[in-house]
Amino acid sequence: MKTSDKIIRHHRLFRNFPRLQKLQITIFIPVILLLVITGCSGKYEELDLSMYHYRDTKNLVKFVYDAAQFLEKEGGAGLEYFHNNRRHFRTKDTYLYVYDMDFNCVFHSGMENLENLNLLSIIDKNGKKVSKLTLRALEDETNPHSWVHYTWWEPGKFFPVPKSSCHFKVTTPEGKEYFVGGGINYPQEEQEFMRINVDNAAELIEEKGHNAFVEISDPTSDYNHREVSIFAFRPDGKILISPVLEDSLAKIELLECSDEVGNKPFVKAVKELQENNSVWEVFLAKNRFRRELVKKCMYLRKAVHNHEIIYVGAVTDLPNPP
Amino acid sequence: MSNKQRKFEYSVNEVPPPGQLLVLSIQHVMIMVVSLSIPILFCSQLSASMEFTTSLISLSMIAVGVGSIIQSVGIPYIGSQYLCPNLCGPSYFSLSLSAAWLGGLPLMRGLIIVAGIVEVALAPIVQKLRKVFPTYVVGLVVATVGVSIIKLGTTSVFGLAYYGDAIRSVDILIGVISLFIMVLSNIWGKGFLKMYCLLVGMVLGWLLALILVPEYWYNLLAVKNSPLFALPSFGPEFRGITIDLKMLIPFIVIAISGSLKSFGNLLAAQKISEPDLKEVNFVPIRKGLIADGISTAFAGLIGGMAVDTSSSNIGLAGVTKVVSRWISVVAGAIFIILAFSPKLITALSLIPKPVLGAAIVFSGCFMICTGLKEMFSQKWDTRKTFVVGISLIFGLSTAMLPELYARSPELIKTFFTDPLPTTTILAVVLHQIFNLDKMFTKEKKE
């Protein structure tokens, strides 16, 4: 076909353009209007989820937030709705629960037998006092969605399951106070979870100084969860809470530590902390089961107690894009 | 002319009318945009400033644009003169990140320049390998080029942002509908609908995504805050070029692997542009590899990320039967212009992942089938069965069983990286081994 033929054919198609324009007006304008109406009315405008990477985490927060909003509006009738529509509030890996502030379970979509029980003294497999951690998280301003990390199990199974739960406090129209929570099995490790732990530990150090170290080092405290544990050191590299073994066994020169490609993350981070209050640093680590190096990140925060500067930090995995 | 009428809408040296040339180029730019996620991800992992990120994206886009132009326009000794645009090379990503952590951008730049020089040096050697690439091995390499985009295409159609994360059914729906629009426009469409099938699918898919997922709608707000025009700023990070011997070997290995990948892409581009060739013409392949190496070195020199030839764009050219190399030239020019407009870059980078995934799968189909057709166009025998079978089994295993190779001996770990280089190396070696008797007989006769 000659080029001129092609142009003619092309023009013929464009002759129908007025018809296309009509089609555009009848179909696309309503679609755009619909978009403006539905798309712009943000149901979650007040809910900041920008700190999370994973959809699983965002979905859980939205799920619990929706339920909390509903309970706050409907009160007792809302609770009744939860009881009558139990299956709508659980999936294979997530579920919803409602407790009063004394830790009496008023609704549990996954384990009905817990309802009407007081679970204030509940302790997980690793010794974490789940109730105490939850009540503290609800009051914690650095933890806006009141995250708590612990181990649980799936009914009918016999092995512990790592779990992360978020919570929202509500006051019903009848004036009753509850908190609505939702948990997810096998959660992804969000950088935000580590940020909360480190910021809380830094605040405790600013308040109590070296006396805070015992509490922060306690693996059952809310400063440590799963593989994320807090460490602390002075600007000269002197370790106060070790990230690994006690340094009395083997001297650890934190500032000299390097990653798999020779990068010195502590040197960079400490330099940046001279000007900023906190810093994120990425580094590479070996994983025996993966051919490439894995990316990890470190969050360091500066704490000052009686003019003594202490750096508090932790390490976690970074999300792995495909 | 009648032959051309049957095979192409626009053949390799034909220049489409300006309007069509522009729209066809934009269609290719839409696929090239996929690779912009690489500098974005790179900067996010370095916790880089907004200014640094914008500059790195701009400089990488300039390198991609220049690379696409020199690959297709054809200057003496350089450029394949096929429709074979460039993109930011994903194979260099991890090593570039390591280099940047170790020695900042100066080290990354130095090592990318070295990688480019290695690619240029390898080009004449490839031409000498004429005998080790019989037609069925060429077909296998081209098919594997298509196979190598399976991971990116599938994860994108599913809208996956991070491994292990939730997948939304609505994303799969958007991806599948976009793919069907592209395919059906290509099968049943005529005229511009057939020619612009990918563009039509992407635009409609994007609209569908905006209707179904409010998140995509909100993301568009970012466009409002970006300036329409901005020059890349050369901050202190962009000054200096260094080299570290520790990182040199890994970069050379990746450069060899990148050359093999570009070799496969250029073979595919040749098959698509000149289907009547009885044997591989290694001259444009060599010139193409030189252009690829120069583009990579240029990227390092100006401070952008390493570039690579794009399999998806070659596939798109094959599907639409529009193989004019001038499309690649204009697409390159558009990429350079876009590099100075953060607003447009932001808008394009917001194309929903499932829609991009559909475009990648769409173009991958053609690569796989062109390769298979080429492979089986020859008389088949047992030797070929084993060459192809063994190469494919071990080549694909690198993608299917990465954890196996994580524990394998260092030599295997170094060369068995991706399906494409692994399959190519194995096919070439096995073809020689399984045909030793024939070679001896031939030599005896001579």
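This is a guided tour of a predicted model, taken selection by selection.

**The sheet in chain A**

Begin by selecting strands E6 to E10 of chain A, where five strands form an open sheet in the order E7-E6-E10-E9-E8, paired in antiparallel fashion. Strand E7 (239-241) and strand E8 (278-285) of chain A stand at the edges with a single partner strand each, so one side of each lacks a neighbour in the sheet. Looking from one strand to the next, you will find a twist that averages 30°.

Now narrow the selection to strand E6 (residues 231-233) and strand E10 (residues 308-317) of chain A, an antiparallel pair joined by three bridges. Within this pair, Ala232(A) stands opposite Val312(A) of E10(A). Then add helix H6 (residues 191-208) of chain A, which packs on the sheet and touches E6, strand E9 (294-305) and E10 of chain A, with a direction that makes about 20° with that of E9(A).

**The nonpolar core**

Keep Val312(A) selected and add Val64(A), Val180(A), Ile230(A) and Ala359(B): of the 194 residues in the largest nonpolar core, these five touch the most other members. To see the element that gives the most to this core, select helix H5 (residues 93-128) of chain B, which supplies 19 residues. Colouring chain A by domain is useful here, because domain 2 (55-185) and domain 3 (191-317) of chain A both give residues to the core, which therefore lies between them.

Centre next on Ala359(B), whose contacts, apart from neighbours within four places in sequence, are Met30(B), Ile31(B), Leu198(B), Met202(B) and Ser312(B).

**Where the chains meet**

Display both chains and select the residues at their boundary: 32 residues of chain A are in contact with 31 residues of chain B. On the chain A side, helix H1 (3-15), helix H2 (17-40), helix H3 (55-74) and E8 each supply at least two of the residues that touch chain B, and the largest share, five residues, comes from H1(A). Coloured by residue class, this side of chain A divides into 15 nonpolar, nine polar and eight charged residues.

**A last stop in chain B**

Finish in helix H18 (residues 353-376) of chain B, where you will find Met375(B). Is Met375(B) buried or exposed? Met375(B) counts as buried, because it has 20 C-beta neighbours inside 10 Å. Leaving aside neighbours within four places in sequence, Met375(B) is in contact with Tyr136(B), Gly139(B), Leu140(B), Ala143(B) and Val388(B). For a distance across the chain, pick the C-alpha atoms of Met375(B) and Ile62(B), which are 313 residues apart in sequence and separated by 37 Å.

Notes:
Residues are numbered from 1 along each chain as its sequence is written. Chains are lettered from A and ligands numbered from 1 in the order in which they are written. This is a predicted model: local features need pLDDT of at least 70, side-chain atom pairs count only at pLDDT 80 or more; totals for chains, interfaces and linings use all residues. Two strands pair if DSSP finds at least two bridges between them. Helices (H or I, at least four residues) and strands (E, at least two) are DSSP runs, numbered from the N terminus. Axes are lines fitted to C-alpha atoms, for helices over the stretch in contact, and angles run from 0 to 180 degrees between N-to-C directions. Two residues are in contact if their C-beta atoms, placed from the backbone, lie within 7 Å. Ala, Val, Leu, Ile, Met, Phe, Trp, Tyr, Cys and Pro count as nonpolar, Asp, Glu, Lys and Arg as charged, and the others, Gly among them, as polar. A residue is buried if 20 or more other C-beta atoms lie within 10 Å of its own, exposed if 12 or fewer, and partly exposed in between; C-beta atoms are placed from the backbone. A nonpolar core is a set of buried Ala, Val, Leu, Ile, Met, Phe, Trp, Tyr and Cys residues joined through C-beta atoms within 7 Å. Domain bounds come from an automatic or database domain assignment.
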